[in-house]
Amino acid sequence: MTPKELYRERITELTAEIKQLNKYNHLMVVLELLAVALAVICVVLYTTWEGGIVSLIGAALSIALYIAIRWKDSKNSRLSVEKESMCNVYQKELAYLHGDYSGFSSGEQYINPHHEFSLDLDIFGPQSLFHRINRTVTSGGSDFLAKELAETRVRTKADIEQRREAACELAAKEPLRTAFLAATHGKHVNTSDVLKALSEIKAMHISRLAASKLSYVIAIGSIIVFYGLLLGAIFGPLSDTLPLLWVLLQITAVYLVFGRTLKRVHQSIDMILPRLSTYVSMIMQIVTSDLESQETRNIISQLSDNNQDAMKSFRLLKGIISDLDQRNEIWVPISNALYLADYFIVRRFLLWQDRYMMHVDEWIAAVSHFDALVSMATFRYNEPAATDAEIIEKDEVVYEARGLYHPFLGAKAVRNDFTITDLHYYIITGANMAGKSTFLRSIGINYVLACCGMPVFADSLRISLFSLFSSMRTTDDLANGISYFNAELLRLQQLIEVCRLNRHTLIILDEILKGTNSLDKLNGSRLFLQSVTSLPITGIIATHDLELSKMQQEHPERFHNYCFEIRLADEITYTYRLSEGVARNQNATYLLKNILKKAFIRT
């Protein structure tokens, strides 16, 4: 089954299940109202009918029935929301396969004009590589993914293979990936807000009395007394008003003794739980998964903290959140009367805070890591035509591509073979729109994908590991008084400084010094290339200046000419095929003549 077929099938199945659950939910609401009405009737009969014990039992059974129906209703409602979230995940993935990425963040906040290669290679921004890969549901996961795609540190083969193993394993676990992405119910969790809330709670002074053993003993004793009085009123000689008076007394006592603490604790719960509830769901999914790759096992170990109580902590917090979700105007007074529910929620939270709060920052970081891995795995699953690069450990630049193409072009892309040898330079000429810049970006973006352990868009790709630097989209900065030509010089200066710090660097340049006149540009370009040959640099340079190709004649051992040729006839034919040699045909004058001809004919 192809990804597209799977997504369509899942959407159909989930839509039918959601429709059925909604029918059940409507029925549950009616039954809840009937149970409450029956309880009220029984209480009225108890106060007016001499045989009141039967009515009291009926009221108790009605309340029990209401609790059972509400539990089932809450369960069905949660299940319906989960399925709607999963359906939304599948709909977004189906849209992605049709070229619509609007459901995902484009990563514009990560655009950095001064980065070594990310701006030139369209790593961030609308329609970018990040936009296509990104499925993160937390800002921490988004940051992790962005850092990986823009990493300038030369990775090791072991790191890449470990990442690839994890992504491959997750790619095959489609239900786990979908459940993880659906956990936020379509909302993007701001990790920094969660961390800020945690910091504020840690700094908040909250009385520990509610977590003390004495308060616990008093609470348990009060509940025992209440049920003793209730049984005495039903089956013994005690007055019916005694249980009611005791309930009022114990609730009043709780608020008098713990009122201020209760308020502060509720503030803490309100601050953290809505933000953490999503993390709890995601953590539970990760920790209970059967993942076995080294990287995912490290994440699971980090979440478990090598402590058997870690899993218990997730369940405890999930239980607190679940109890809070079920609180409403009807249920709160009943639950407090029956078993002091609010007191025990507060107590459980305080005990959880004392024991586990210190580990939450680490858990959130682990979830961010996993969040980014899910994005990489989903990209791998959605692109079955892509393949894995072969990584070799060689202390030089190696780049051997067969059938290489740009990932943004898909099936319509023209594939090219190309081999880059260490310390060699490749001058690529060709007409406008012939494919030079796209080819350069194909080389760079596939290298980035390979280094992240993701599949590449080629029949085969064999690479070593080296640093990457590009200069293709230099712009002026009028606000700071930097002209276009000055910006180019600053970029080339940055290139030299970066290359001095690395053992091997592949540079990708599109038109050196295009901000000056032709002769100055040619002389400057030649000077630059002759100078950097003394550094551990390998380069690919696209240019319209055919004179620059003469460097092959002067240094045939280091410089090589390639071109994208076009065919000129009644119409221009673009082949987008790379071949050895220098381009003979240019199209600027040809295209301009056609534009002028049409303009003057129209006039």
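Asn 76 touches Leu 21, Tyr 24, Asn 25 and Met 28, leaving aside residues up to four places away in sequence. Asn 76 belongs to helix H2, which covers residues 52–97. The residue is buried, because its relative accessible area of 6% falls under 20%. The model is a predicted one. The points below cover an open sheet of 6 strands, the pairings of strand E2, two loop residues with positive phi, and the salt bridges, of which the structure holds 22.

**The open sheet**

- The strand order is E6-E7-E8-E4-E9-E10, and the pairing is mixed.
- Strand E6 (467–471) and strand E10 (572–580) form the edges, each pairing on one side only.
- Neighbouring strands of this sheet are turned against each other by 15° on average, with direction ignored.
- Strand E9 (residues 559–568) and E10 run antiparallel and are joined by 6 bridges.
- Within that pairing, Leu 568 has Ile 572 in E10 as its bridge partner.

**Helices packed on the sheet**

- Helix H15 (residues 436–451) packs on the sheet. Its contacts are strand E4 (425–430), E6, strand E7 (505–510), strand E8 (537–543), E9 and E10.
- The direction of H15 makes about 155° with that of E7.
- Helix H17 (residues 518–532) packs on the sheet too, touching E4, E7, E8 and E9.
- For H17, the angle of about 155° is taken with the direction of E4.

**Strand E2 and its partners**

- Strand E2 spans residues 398–404, and 5 of its 7 residues are buried, so the strand is largely enclosed by the rest of the structure.
- E2 runs antiparallel to strand E3 (residues 416–421), with 5 bridges joining the two.
- Tyr 399 has Ile 420 in E3 as its bridge partner.
- E2 also pairs in the antiparallel sense with strand E5 (residues 460–463), over 4 bridges.
- On that side, the bridge partner of Ala 401 is Leu 461 in E5.
- In a regular strand, side chains alternate between the two faces of the sheet.

**Positive phi outside glycine**

- Asp 122 has phi near 55°, a positive value in a residue other than glycine.
- Asp 122 sits in the loop between H2 and helix H3 (129–133).
- Asp 122 counts as partly exposed, because its relative accessibility is 21%.
- His 185 is not a glycine, yet its phi is positive at about 55°.
- His 185 lies in the loop between helix H6 (174–182) and helix H7 (191–203).
- With 41% relative accessibility, His 185 counts as partly exposed.

**Salt bridges between distant parts of the chain**

- Side chains of opposite charge can pair when their charged atoms come close.
- Glu 174 forms a salt bridge with Arg 10, with the closest N and O atoms 3.6 Å apart.
- This pair links distant parts of the chain: Glu 174 is in helix H6, Arg 10 is in helix H1 (residues 3–48), and they are 164 residues apart.
- Glu 174 is buried at a relative accessible area of 6%, whereas Arg 10 is partly exposed at 22%.
- Arg 164 forms a salt bridge with Asp 388, the closest N and O atoms being 3.7 Å apart.
- Arg 164 lies in helix H5 (residues 157–171), and Asp 388 lies in the loop between helix H14 (360–382) and strand E1 (390–391), so the pair ties together parts that are 224 residues apart in sequence.
- Arg 164 is buried, with 16% relative accessible area. Asp 388 counts as partly exposed at 31% relative accessibility.

**A further pair and a network**

- Glu 547 forms a salt bridge with Lys 550, and their closest N and O atoms are 2.9 Å apart.
- Glu 547 is partly exposed, with a relative accessible area of 36%. Lys 550 is partly exposed, with a relative accessible area of 36%.
- Glu 148, Arg 155, Arg 163 and Glu 295 are joined into one network by salt bridges that share partners.

Terms used: Residues numbered from 1 in each chain as written. Predicted model: local features only at pLDDT ≥ 70, side-chain atom pairs only at ≥ 80, totals over all residues. Heavy atoms only, no water. Pairing = 2+ DSSP bridges. Axes fitted to C-alpha atoms, helices over the stretch in contact; angles between N-to-C directions. Contact = heavy atoms within 4.5 Å. Buried < 20%, exposed > 50% of the residue type's maximum accessible area, 1.4 Å probe, protein only. Salt bridge = Lys/Arg side-chain N within 4 Å of Asp/Glu carboxyl O.
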